[in-house]
Amino acid sequence: MKIKLRQDKILVQPTQDTASTFSMETKKYDRKAIGIIKAVPEDSEETIGSKVIYDDSHSIDFTIEGISYTIVSKEDIVAIIEEDK
C-alpha cells in the first residue's frame with residue numbers, strides 16, 4: 001500500500017483494545033484514540049511505528065484490505081506513548 005499524505009496529515013492504525021464510547025443526546029459514538037503511526041509526510045518530525053494518543057473528532061476513517069486506518073492532522077496527535085525499557 002502506498003499512500004502519499006499531504007504535509008499536515010498523518011496515517012494512524014487504531015489499536016483494537018483502546019475504544020471508548022460516549023453518548024450525545026440520542027446518538028452513540030465509538031471513539032478510537034490510541035494508534036500506531038503508519039505513514040508520515042516527508043520531512044516530518046513524527047516517527048513511523050510510534051504509539052500515539054490522538055483526537056479523532058475530525059479524523060478520516062477507512063479500511064483497506066480489511067485493516068482500519070485513520071488520517072488525522074498533525075495537531076490532532078496529542079501525546080506519544082513511550083514504552084518502558
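Let's start with a pair of strands: β6 and β7 run antiparallel to each other and are joined by five bridges. This is a predicted model, so keep that in mind as you look around. Along this pair, Ile64 sits opposite Ile67 of β7. The two strands form a hairpin with two residues between them, and in that hairpin Glu65 has a positive phi near 50°. Why is that worth a glance? Most residues other than glycine have a negative phi. Glu65, in the loop between β6 and β7, is also exposed, because its relative accessibility is 78%.

Now step back and take in the chain as a whole. It has eight strands and zero helices, so reading from the N terminus you just meet β-β-β-β-β-β-β-β. Of its 85 residues, 31% count as buried. About 6300 Å² of the chain is exposed, and carbon and sulfur atoms supply 47% of that. If you look at contacts with a separation of 6 or more, 51% of them come from residues 24 or more positions apart.

Six of the strands make up an open sheet, in the order β6-β7-β1-β4-β5-β8, with antiparallel pairing. At its edges are β6 (60-64) and β8 (77-81), each of which pairs on one side only. From one strand to the next, the twist averages 40°. As for what holds such an arrangement together, strands of a sheet pair through backbone hydrogen bonds, either parallel or antiparallel.

You can walk across this sheet pair by pair. From β7 (residues 67-73), go to β1: these two pair in the antiparallel sense over four bridges, and Lys9 has Ser73 of β7 as its bridge partner. Next, β1 is joined to β4 by four bridges, again with the strands running antiparallel. Here Leu11 has Ala39 in β4 as its bridge partner. Carry on from β4 (residues 34-39) and you reach β5, an antiparallel pairing over three bridges, where Gly35 is matched with Val52 of β5.

What fills the inside? The largest nonpolar core has seven residues, namely Ile10, Val12, Ile37, Val52, Tyr54, Val72 and Ile77. Two elements, β1 (9-14) and β5 (51-54), give two or more residues to this core. There is also a second, separate core of five residues, among them Leu5, Leu11, Ala39 and Ile71. Ile10 is a handy residue to click on: beyond its neighbours within four places in sequence, its contacts include Ile37, Val72 and Ile77, which belong to the largest core too. Ile10 also touches Leu5, Ala39 and Ile71, which are members of the second core.

Another residue to visit is Thr70, back in strand β7. Is Thr70 buried or exposed? Thr70 counts as buried, because its relative accessibility is 2%, and the cut-off for buried is under 20%. Its side chain makes a polar contact with the side chain of Asp61, at 2.9 Å. Leaving out neighbours within four places in sequence, Thr70 is in contact with Ile10, Leu11, Val12, Pro14, Tyr54, Ser59, Ile60 and Asp61.

Over in β6 you'll find Phe62. At 23% relative accessibility, Phe62 counts as partly exposed. Setting aside residues up to four places away in sequence, Phe62 touches Ile3, Leu11, Ile67, Ser68, Tyr69 and Ile71. Two of these, Leu11 and Ile71, are also part of the second core.

Two more stops lie outside the sheet strands. Asp43, in the loop between β4 and β5, has a positive phi near 60° although it is a residue other than glycine. Asp43 is exposed, because its relative accessible area is 77%. Finally, go to the segment before β1, where Lys2 is found. Lys2 counts as exposed, because its relative accessibility is 80%. How far is Lys2 from Ala39? The two are 37 residues apart in sequence and, from C-alpha to C-alpha, 9.2 Å apart in space.

Conventions:
Residues are numbered from 1 along each chain as its sequence is written. This is a predicted model: local features need pLDDT of at least 70, side-chain atom pairs count only at pLDDT 80 or more; totals for chains, interfaces and linings use all residues. Side-chain values use heavy atoms; hydrogens and water are left out. Buried means under 20% relative accessible area, exposed over 50%, partly exposed in between (1.4 Å probe, protein chains only). Contact means heavy atoms within 4.5 Å. Accessible areas come from the Shrake-Rupley method with a 1.4 Å probe; for residues, only the protein chains shown count as cover. A nonpolar core is a set of buried Ala, Val, Leu, Ile, Met, Phe, Trp, Tyr and Cys residues joined through side-chain atoms within 4.5 Å. Two strands pair if DSSP finds at least two bridges between them. Axes are lines fitted to C-alpha atoms, for helices over the stretch in contact, and angles run from 0 to 180 degrees between N-to-C directions. A polar contact is a pair of N or O atoms within 3.5 Å; within protein, one must be able to donate a hydrogen and the other to accept it, and residues adjacent in sequence count only if both atoms are side-chain atoms.
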